[in-house]
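Thanks for asking me to look this over. Here are my notes, set out point by point so you can follow them with the structure open beside you.

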Amino acid sequence: MPKAKEGSPAAINRTAVERTSDRELVVTRTFDAPAHVVFEAWSKPELFTRWWIPKSVGLSLVSCEMDVRTGGTYRFVFSHPDFDQPMAFFGTYREVTPNRRIVWTNEESDQGAVTTVTFEESDGKTLVTFHELYPTEAALDEALAGSAEALPEQFAQLDELLAGRS
Amino acid sequence: MVHYQARLDITFAALSDVTRRGVLEQLGGSDASITDLAQRFHMTLTGMKKHVSVLEQAGLVTTKKVGRVRTCKLGARRLEEEAAWIERHRQLWSARFDALDELVEHLKCKEKEDAQSKRR
């Protein structure tokens, strides 16, 4: 189970999600560690899989391949008790600049976003900016509504978890 | 799902105009007639009627005609649904980044320990 600090008001406030335009979604958060440490957690499969899918979502990782370098590809496969078929997420790393920037495509849908994550270090802390650019406004609407609708039970559990901590 | 998204489309289209957002803000303070709103936003009555009608279709505003005056007020639905929708997404990211935070903290400590043991 997640540690007690998860969901505390202070922790919640640190993650900001903003729809910056019709086609863009930006998530930011500052981590109390140098950029190379955050980059490591983002680029090594054995570390990445420890945080990318929150436990409360109930997905199990079936396989994970990540070749984090410019032109490399990734493929994650997850299973969920409610779904017969496993779900695959895959794409290409368009740009990888160690400790600074990763750009990748999301090719499981032809309306998938291009994702850019940047790591900006200042005074030993790192500002992570996660930016998704969708091909159309409808694609972003769909992605947001989809993420909210596909996992209602899991989000309800998360709600409970968060409510219990406040 | 399609119905839900069609409604979101209408809402976001309604909110995509600066005058309509201004009207919602005004109505958040107090109800107003179309004539009031037209004057406040320096528009013709016809122009303001169009904006109010878009907001009405999105369920963001309701209007009532008494005599010759049509009064507008905020609709029951307001923005709660849309806010909830962004909020759910934020909770996912919050949980995700909380987990990353823990991991990063762990890696940072490990790195410090390694550096210290090398020095010894």
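1. Let's begin with the pairing of S1(B) and S3(B). Strand S3 of chain B covers residues 69–74, and S1(B) pairs with it in the antiparallel sense over two bridges. If you would like a residue to click on, try Ala32(B), whose bridge partner in S3(B) is Cys72(B). Please keep in mind throughout that this is a predicted model.

2. That pairing belongs to an open sheet of three strands in chain B, with the order S1-S3-S2 and antiparallel pairing. Strand S1 (32–33) and strand S2 (61–66) of chain B are the edge strands; each has a single partner strand, so one side of each has no neighbour in the sheet.

3. Two helices of chain B are worth viewing together with this sheet. Helix H2, residues 18–29, lies across S1, S2 and S3 of chain B and runs at about 90 degrees to S3(B). Helix H4, residues 45–57, lies across S2 and S3 of chain B, and its direction is at about 120 degrees to S2(B).

4. A word on confidence. For chain B the mean pLDDT is 83, with 84% of the residues at 70 or more. For the complex, the predictor reports an ipTM of 0.70 and a pTM of 0.62.

5. Now to chain A. Its secondary structure consists of five helices and eight strands. Read from the N terminus, the elements follow the order α-β-β-α-α-β-β-β-β-β-β-α-α. Of the 166 residues in chain A, 23% are buried. Looking at contacts in chain A between residues at least 6 apart in sequence, 40% join residues at least 24 apart.

6. One residue of chain A that you may like to zoom in on is Glu120(A), which sits in strand S7, residues 114–122. Is Glu120(A) buried, exposed or partly exposed? Glu120(A) has 13 other C-beta atoms within 10 Å, so it counts as partly exposed; the exposed class stops at 12 or fewer, and the buried class needs 20 or more.

7. What surrounds Glu120(A)? Setting aside neighbours within four places in sequence, Glu120(A) is in contact with Thr126(A) and Leu127(A). Arg100(A) is also worth displaying: 20 residues separate Arg100(A) and Glu120(A) along the chain, and their C-alpha atoms are 6.6 Å apart.

Note on methods:
Residues numbered from 1 in each chain as written. Chains lettered and ligands numbered in written order. Predicted model: local features only at pLDDT ≥ 70, side-chain atom pairs only at ≥ 80, totals over all residues. pLDDT = per-residue confidence, 0-100. Helix = DSSP H or I, 4+ residues; strand = E, 2+ residues; numbered from the N terminus. Contact = placed C-beta atoms within 7 Å. Pairing = 2+ DSSP bridges. Axes fitted to C-alpha atoms, helices over the stretch in contact; angles between N-to-C directions.
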